[in-house]
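These are my notebook entries from a session with one protein model. I went through it from the whole chain down to single residues and wrote down what I looked up.

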Amino acid sequence: MAKSLLFIPDISGFTHFVQNTEVEHSQHVISELLEVLINANTQDLKLAEVEGDALFFYKENEIPSQEKLLAQVETMFTAFYSHLKLLEKNRVCPCNACATAPNLQLKIVVHCGELQFITVQEKRKPFGQVVIEAHRLLKNSIVSDNYALLSDEVSKTIGLPVNYESKLYHFRESKDTYDTKEIIYLFSEINKNKLKLTPFAIPEVVDFQCSPSIVLKREFEIPAAQLLEYITNYSYRHYWAKGVDKFEYNPGEVTRLGTEHVCVIDGKRLNFTTVTKKASLDEIVYGERTTDVPLHALYQFFIIKPLPGNKCLLTVEIYPKAKSIVHKLMLFLLIKKAIKKSMKASLDNLEAFVRNDAIT
C-alpha cells in the first residue's frame, strides 16, 4: 500500500481560552479560526474530523513534495496569524475572549504511513495505528506552543534534512516514547514575525466636524459589556430594533470593525458596515454606516458609558452625510422626525428586552 499523509493543525491555548473567557464569543473566535485554516488548504487535503480545537486532514495514497508540504504548513500559519491580527486591530468588543484571542497559537503535526478506513454512519474515516500515532504526537515534549512537527517517517519520505533551515524554518530532531514505542520527529518553532501576513482593510474611524443631528440618552441597569452584546450581537436585534422585518448577518462571526449586516425594511435592503469614532477612555463606541438611503450616508453611533452599581448610560448619536448642505437640509429635515421616533421606539424596546431578560 502507498503511504498516506496525516495533517493536524491544532490551536494552542484552546482549553484555557474557553474556560477563562465569555463562552459565546470564544466559540465564535475558535469557529472563525478553524474556518480560516480549512480555507488555507492548498494541497487538496480531505477533512476527516473537526476535533474541538483541531482539524484532522488526510491525503490518501499520496505525500506532497517537500516544497509543497512546507508551503502548505507556512500557508496555514500565515492565514491563522493574519486572522488573529485582524481580530486584534478591528476589535470592538472589550470582553475577555475578544481581548485575549491574539494570544492563541498554532501547532501543526504531520505524519504518514499506511492508512486503513472504517465506515461510520455512511462516512469513510481514517483508522489504524498511524492515526493513533499522529494524534499522540500532539502530546510531545516540545517546549513551545507554536511549531511545525514532521514525523521521521514524513521527513524521510520527502527528503527533509535533519537540520533543515530556511528563512522561516529551523528544524531540529527530537523524540518521545508512546506505549514503549519511540517516535522520532523533526520540529521547527515558527517565528510569527517572519510570516508575510495578509493585509486587511483599515477600519473607518469617522471624524465629524459637527454635532450629531439626533441625540438620545437612556440609562440601563445592566453592565456596559452586557448592553454592548445586546446591541452588537445581531441575533438580539429582532427583539428591539423598530420596523426591521429581517436581519442578515454571519452568525459565526464576532462583530468587529468592517463587518457587515443587512436590515430588510419594507422589502428594501439596507447594508450596514461597522465603523467607529474617537471617544473618551471610559466609553465604548459601536457605530454603523449605511449608504442605502436618500442621503449620501447615514451614521448611527451607540456610545456606552459604565456607571456605578453595574449600570450604564447609552447615548445614541445620528449623523446624516450629504454631498451638499442644501441637499442635506432638504432631505434630512423631511426624515429627521421619523428617524428620531423610530430610534426612540427601538430604545423603548431595548429597555423592555433588558428588563425581561433580567427577570428570566
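**Entry 1: β1 and its partners**

I began inside the sheet, where Leu 5 of β1 stands opposite Lys 59 in β3. I keep in mind throughout that this is a predicted model. Four bridges join β1 to β3, which covers residues 54-59, and the two strands run antiparallel. On β4 (residues 105-113), I found that β1 pairs with this strand over nine bridges, also in the antiparallel sense, and that Ser 12 stands opposite Gln 105 there.

I then asked how many residues of β1 are buried. Nine of the nine residues in this strand, which runs from 4 to 12, are buried. Both faces are covered: Ser 4, Leu 6, Ile 8, Asp 10 and Ser 12 lie on one side, while Leu 5, Phe 7, Pro 9 and Ile 11 lie on the other.

**Entry 2: the whole chain**

Stepping back, I noted that the protein chain has 360 residues, of which buried residues make up 47%. Its secondary structure comes to nine helices and 17 strands, and the C-alpha trace spans about 75 × 45 × 40 Å along its principal axes. Among contacts between residues at least 6 apart in sequence, 65% join residues at least 24 apart.

**Entry 3: the sheet**

In what order do the strands of the seven-stranded sheet come? I read the order as β2-β3-β1-β4-β7-β9-β8, in an open sheet with mixed pairing. β2 and β8 (172-178) stand at the edges with a single partner strand each, so one side of each has no neighbour in the sheet. Direction ignored, neighbouring strands are turned by 20 degrees against each other on average.

At the β2 end, I looked up the pairing of β2 (residues 46-51) with β3, and found five bridges in an antiparallel arrangement, with Glu 51 opposite Ala 54. The two strands form a hairpin with two residues between them, and Gly 52 in the turn has a positive phi of about 70 degrees.

Further along the order, β7 and β9 (residues 181-189) pair in the antiparallel sense over five bridges, and the bridge partner of Ser 151 is Tyr 185 in β9. I also checked which helices pack on the sheet: α3 touches β1, β3, β4 and β7, and its direction makes about 155 degrees with that of β4. α5 touches β1, β2, β3, β4, β8 and β9, and its direction likewise makes about 155 degrees with that of β4.

**Entry 4: α2 against α3**

I next followed α2 (residues 23-39) to where it meets α3 (residues 66-89); their axes come within 9 Å and cross at roughly 145 degrees. The crossing is right-handed. On the α2 side the contact is made by Val 29, Glu 32, Leu 33, Val 36 and Leu 37, and on the α3 side by Met 76, Ala 79, Phe 80, His 83, Leu 84 and Leu 87. By class, I recorded nine nonpolar residues, one polar and one charged in this contact.

**Entry 5: two nonpolar cores**

Which residues touch the most other members of the largest nonpolar core? They are Phe 7, Phe 77, Phe 80, Leu 104 and Leu 150, in a core of 46 residues. At least two residues each come from β1, α2, β3, α3, α4 (96-100), β4, β7 (147-151) and α6 (152-158), and the largest share, ten residues, comes from α3. A second, separate core holds 34 residues, including Phe 220, Ile 222, Leu 298 and Ile 339.

I went back to Leu 150 for its contacts; leaving out residues up to four places away in sequence, it touches Leu 69, Leu 70, Val 110, Ile 158, Leu 160, Phe 171, Tyr 185 and Leu 186.

**Entry 6: Glu 133 and α7**

Glu 133 caught my attention in α5, which runs over residues 129-136. Is this charged side chain's residue, Glu 133, buried or exposed? Its relative accessibility is 9%, and Glu 133 therefore counts as buried, the cut-off being under 20%. Apart from neighbours within four places in sequence, Glu 133 is in contact with His 111, Lys 181 and Ile 183.

Last, I looked at α7 (residues 224-232), which is mostly covered, with seven of its nine residues buried. The buried ones are Ala 224, Leu 227, Leu 228, Glu 229, Tyr 230, Ile 231 and Thr 232.

How values were computed: Residues numbered from 1 in each chain as written. Predicted model: local features only at pLDDT ≥ 70, side-chain atom pairs only at ≥ 80, totals over all residues. Heavy atoms only, no water. Buried < 20%, exposed > 50% of the residue type's maximum accessible area, 1.4 Å probe, protein only. Pairing = 2+ DSSP bridges. Axes fitted to C-alpha atoms, helices over the stretch in contact; angles between N-to-C directions. Left-handed = near helix turned anticlockwise from the far one by under 90°. Contact = heavy atoms within 4.5 Å. Nonpolar A, V, L, I, M, F, W, Y, C, P; charged D, E, K, R; others polar. Core = buried A, V, L, I, M, F, W, Y, C linked by side-chain atoms within 4.5 Å.
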